[in-house]
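User: Please take a close look at one part of this model, the second chain. I want its helices, its domains and its contacts with the partner chain in one connected account.

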Amino acid sequence: METDRAAKLRRAALRPIDPASLAAARILLGLLLLVLVIRFFVHGWIDEYFYAPTHFFHYLGLAWVEPWPYPGMYVHFAAMAACAVCITLGFHHRLAAAAFGLLLAYAHACDVTNYLNHYYLLVLLCGLLVVVPASATWSIDARRGRTAAATIPAWTLWLLRFQVGCVYFFGGVAKLEPSWLVDGQPLTTWLGARPDFPLLGGLFAHPDVALVASWLAAAFDLTIVGWLSWRRTRAAAYAAVIGFHVVTGMLFHLGMFPWVMVAMATLFFDPSWPRRLVPARARPAPSPSTAHRPPPRALAIALALHVALQVLIPLRSHLYPGDLLWTEQGFRFAWKVMLMEKSGNCELRALEPSTGRTWVIPPSRYYTPYQASMMATQPDLILQFAHEAAADLRRQGVRAPEVHADCVVSLHGAPRARLIDPSVDLAAVEDGLTPQPWIYPRGHVPGSHPLDNARLFGRTATK
Amino acid sequence: MRHAATTAALLAAVTAAACGSNTIDYGPRRAALAAIGDQVIVPGYVELARVTGELAVAARADLPALDAARLAALQDRWRAVRAAWLRTQAHRIGPVRDDLFESRIAQWPVDQLDVEALVAGTATVDRALIDTQGANRKGLAVAEYLLFSAGTGTGAADPLAALADPRRRAYLQAVLDAIADETTALAAAWTGGYAARFANPGEPDAAFATVKEGIDAVVNANVFLAENVADTKLGAPLGAMTGGIPQIELVESPWSDHGADDVAAAYDGLRAILDGPDGAPGPEGGDPFLAALLEVSHPEIADQLRADLTGARDAVVAVSHPLIDAVAAKTAAVDAAWTTARTVKATYKTEVVAALGVTLSFNDNDGD
């Protein structure tokens with residue numbers, strides 16, 4: 001029985017399908033990537049993200065990734081634009097997609113505070129474009145006969161559908177927690193801030209609207225892939241996709257995310273859907289095709305590994321103790337999209353044990369206001385801040401400085417609580433993927449800091 | 001057919017909601033922007049222009065025949081101006097930043113050597129000279145320097161003696177005239193149109209595209225001031241960032257010993273944004289200020305913020321004078337002032353920001 005099922009699955013995966021929807025996805029994605037790059041130039045983000053900061057937050061193991069010396073990042077983004085055009089036109093699209101993905105990943109990795117789920121998604125999609133025959137039609141390469149094909153194997157479309165489906169599904173799973181479903185947070189806060197939203201703003205002040213919207217959003221994320229995949233509900237589902245992403249795009253600063261999802265949702269359509277939109281003479285005559293050959297073994301293994309990782313990585317947060325929204329361990333690369341309203345105040349206290357000298361170190365000493373506000377709620381970035389400060393103090397001749405965090409955070413407007421154990425010398429803590437005991441559980445009422453004033457003023461205080 | 005009927009019903013429901021929204025008020029947020037603009041910001045700048053104008057006029061009358069009593073009266077007027085300016089720092093939004101008024105009105109620190117060189121020089125000292133000078137050779141801090149100190153190298157024992165020099169008096173008068181003109185222009189910028197642009201987000205030529213952006217701007221200004229008080233006005237002089245070694249040269253308003261009063265005035269400005277110009281919680285249904293927005297969902301935060309501001313103001317007022325001496329000695333009172341200032345900063349940056357869904361460090365970055 002299992003063998004039969006496997007055989008059926010194999011046959012279905014190798015079934016020839018029209019390459020049109022994959023080509024349309026390539027064209028749409030290429031255009032969106034081009035817009036993404038243009039926005040960096042128009043908004044001045046290349047300077048803001050890469051040249052205004054003097055210090056950067058690094059991903060584990062990627063401390064070597066830094067912005068190129070000026071104006072290198074401008075060249076970097078110009079190269080991305082060229083790659084986006086190539087992807088759109090289907091001109092050496094695999095090479096262009098690989099290059100764009102690597103360039104975007106590099107830019108994205110320069111500073112953790114720039115992390116966005118949809119940048120990660122775009123890197124993954126570019127990676128998958130390298131693998132799938134997205135230039136089989138409607139491409140320069142196909143016109144030249146290099147990549148033209150009447151059909152492509154179904155698994156190539158499945159792969160992209162899976163990737164897009166992960167965003168929705170795990171985005172929905174992330175919403176299955178009390179603050180979202182019971183308290184209606186953070187939508188209560190966010191919708192309440194938009195009374196002037198076109199058409200719907202008048203409703204946002206109603207206390208139940210945010211809760212209903214929370215449930216609807218969770219249901220949307222968890223089920224939309226199914227509705228899009230089912231032919232009978234597809235049209236209504238896609239209308240819902242457009243409505244959902246347009247509204248959220250107008251409500252929040254989501255950048256390209258809504259438009260990427262609206263474009264990529266077309267992958268769930270019938271593979272021939274774009275042919276209804278193009279003139280008849282532009283349609284290649286469909287040719288009968290036998291089943292495709294399976295991909296090379298090495299590629300099949302790599303893709304299987306990719307699929308497994310895409311399932312496991314979003315679930316890794318469950319391996320960590322405590323409230324994910326509080327500790328943020330396992331938060332990134334897991335499609336935790338727009339889940340919380342969190343704000344923090346974080347500074348460091350440094351101590352030179354041999355002399356008793358102390359320092360209060362505000363993040364503004366090293367970071368831009370944007371970096372500082374992002375850092376203040378994320379423990380691993382606070383740890384990097386502490387390491388940066390410790391290294392700086394050592395350079396100034398301070399002997400064996402201890403660095404302690406004084407960080408308080410409010411989640412969804414709740415009374416602020418201490419995020420980091422202030423008694424821990426963060427200068428002596430190594431970053432890692434294991435649970436970090438120096439992160440306090442949610443709700444730790446802030447008392448005075450161990451180094452608070454007693455040491456700073458104790459040596460010379462007068463009445 | 002059935003789908004069409006369902007679609008029509010949904011459209012009707014949305015349309016009904018949409019039509020309703022035209023008659024529904026926009027809740028307290030839009031009203032808060034209007035109230036903060038009309039009742040706090042505009043009166044704040046008008047008051048600032050009034051007291052600076054009075055100081056310039058009084059100086060014109062008193063400087064030619066200056067004596068101890070007249071100097072003391074001018075110093076009192078300067079203190080009133082300084083307090084009025086600090087109160088406006090709670091709404092550091094719009095023209096004061098965009099048109100660089102703040103650098104022309106209250107740049108700190110003072111370039112004492114350059115000021116003395118200009119006073120001792122041969123160039124005609126008048127408005128034209130002042131208008132061509134950099135920000136740290138004019139403004140409130142320079143006026144303070146001339147009104148309250150004998151200056152470096154003047155040989156005078158006190159400001160009264162130093163101001164016997166007609167060029168020094170002329171420099172002071174020109175500085176005060178320039179400040180009066182700048183504050184008048186700043187107030188006019190608000191009364192002449194910016195107040196309407198501020199209060200009506202989303203409309204053509206509005207200062208903000210959405211109400212949220214307007215509230216974000218107000219709260220960010222509050223956060224900036226709370227941070228400035230804790231880190232710059234108190235923390236830095238106390239040596240918090242320099243291994244505990246006091247940096248008394250960083251104490252602001254040093255010649256007038258107005259540093260603690262600067263901080264108290266800053267808290268008054270924050271309190272006005274929170275509760276209105278009288279700084280007292282308003283009656284139910286009264287004009288909404290920031291507190292009303294917090295009270296929609298988190299009334300306890302409004303109460304906490306009031307308590308924090310009151311505690312911090314009381315603490316800084318209790319610091320012994322002169323502030324420089326208290327800082328140098330790191331007295332327990334100045335320690336308490338700094339501690340409570342940090343509490344105010346933390347409350348703004350955490351509970352207030354999170355409760356109102358404010359985007360800190362106002363920018364156009366994407367998020368998801």
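Analyst: A residue counts as buried if 20 or more other C-beta atoms lie within 10 Å of its own, with C-beta atoms placed from the backbone. By that cut-off, α16(B) is mostly covered, with 21 of its 25 residues buried. The model is predicted, and every value here is computed from it.

Stay with that helix. α16 of chain B runs over residues 332-356. From first C-alpha to last it reaches 35 Å, close to the 36 Å expected at 1.5 Å a residue. The helix still bends, by about 30 degrees, at B:Thr347. After α16(B) comes B:Gly357, with a positive phi near 65 degrees.

Now take α11 of chain B, residues 211-235. Its 25 residues should span 36 Å at 1.5 Å a residue, and its end C-alpha atoms lie 34 Å apart, so the two values agree. A bend of about 35 degrees sits at B:Asn228. Burial is again high in α11(B): 21 of its 25 residues are buried.

Next, the chain as a whole. Chain B has 16 helices and zero strands. Its C-alpha atoms fill a box of roughly 95 × 45 × 40 Å along the principal axes. Of the 368 residues in chain B, 51% are buried. Consider contacts in chain B between residues at least 6 apart in sequence: 76% of them join residues at least 24 apart.

The domain assignment splits chain B into domain 1 (27-199) and domain 2 (211-356). Their C-alpha centres lie 23 Å apart. Across the boundary, 30 residues of domain 1 of chain B are in contact with 32 residues of domain 2 of chain B. On the domain 1 side, α2 (27-62), α3 (68-88) and α8 (140-148) of chain B are the elements that give two or more residues. α2(B) has the largest share there, eleven residues. That side of domain 1 of chain B divides into 17 nonpolar, six polar and seven charged residues.

Then the partner. 54 residues of chain A are in contact with 50 residues of chain B. Helices and strands of chain A both contribute: among the elements that supply at least two residues each are α6 (117-131), α17 (369-375), β3 (342-352) and β5 (402-411). β4(A) gives the most, five residues. By class, the side of chain A that touches chain B has 26 nonpolar, 21 polar and seven charged residues.

β4(A) also belongs to an open sheet of four strands in chain A, ordered β4-β3-β5-β6 with antiparallel pairing. β4 and β6 (417-418) of chain A stand at the edges with a single partner strand each, so one side of each has no neighbour in the sheet. Further in, β3(A) and β5(A) pair over ten bridges in the antiparallel sense. One of the bridge pairs joins A:Asn345 to A:Val408 in β5(A).

Chain A has its own domain division, into domain 1 (13-279 + 294-319) and domain 2 (341-458). The C-alpha centres of these two domains of chain A are 35 Å apart. In contact are 15 residues of domain 1 of chain A and 14 residues of domain 2 of chain A. The domain 1 side of that boundary in chain A has seven nonpolar, seven polar and one charged residue.

Notes. Residues are numbered from 1 along each chain as its sequence is written. Chains are lettered from A and ligands numbered from 1 in the order in which they are written. This is a predicted model: local features need pLDDT of at least 70, side-chain atom pairs count only at pLDDT 80 or more; totals for chains, interfaces and linings use all residues. Domain bounds come from an automatic or database domain assignment. Two residues are in contact if their C-beta atoms, placed from the backbone, lie within 7 Å. Ala, Val, Leu, Ile, Met, Phe, Trp, Tyr, Cys and Pro count as nonpolar, Asp, Glu, Lys and Arg as charged, and the others, Gly among them, as polar. The expected span of a helix is 1.5 Å times one less than its number of residues. The bend at a residue is the angle between axes fitted to the seven residues ending there and the seven starting there. A residue is buried if 20 or more other C-beta atoms lie within 10 Å of its own, exposed if 12 or fewer, and partly exposed in between; C-beta atoms are placed from the backbone. Two strands pair if DSSP finds at least two bridges between them.
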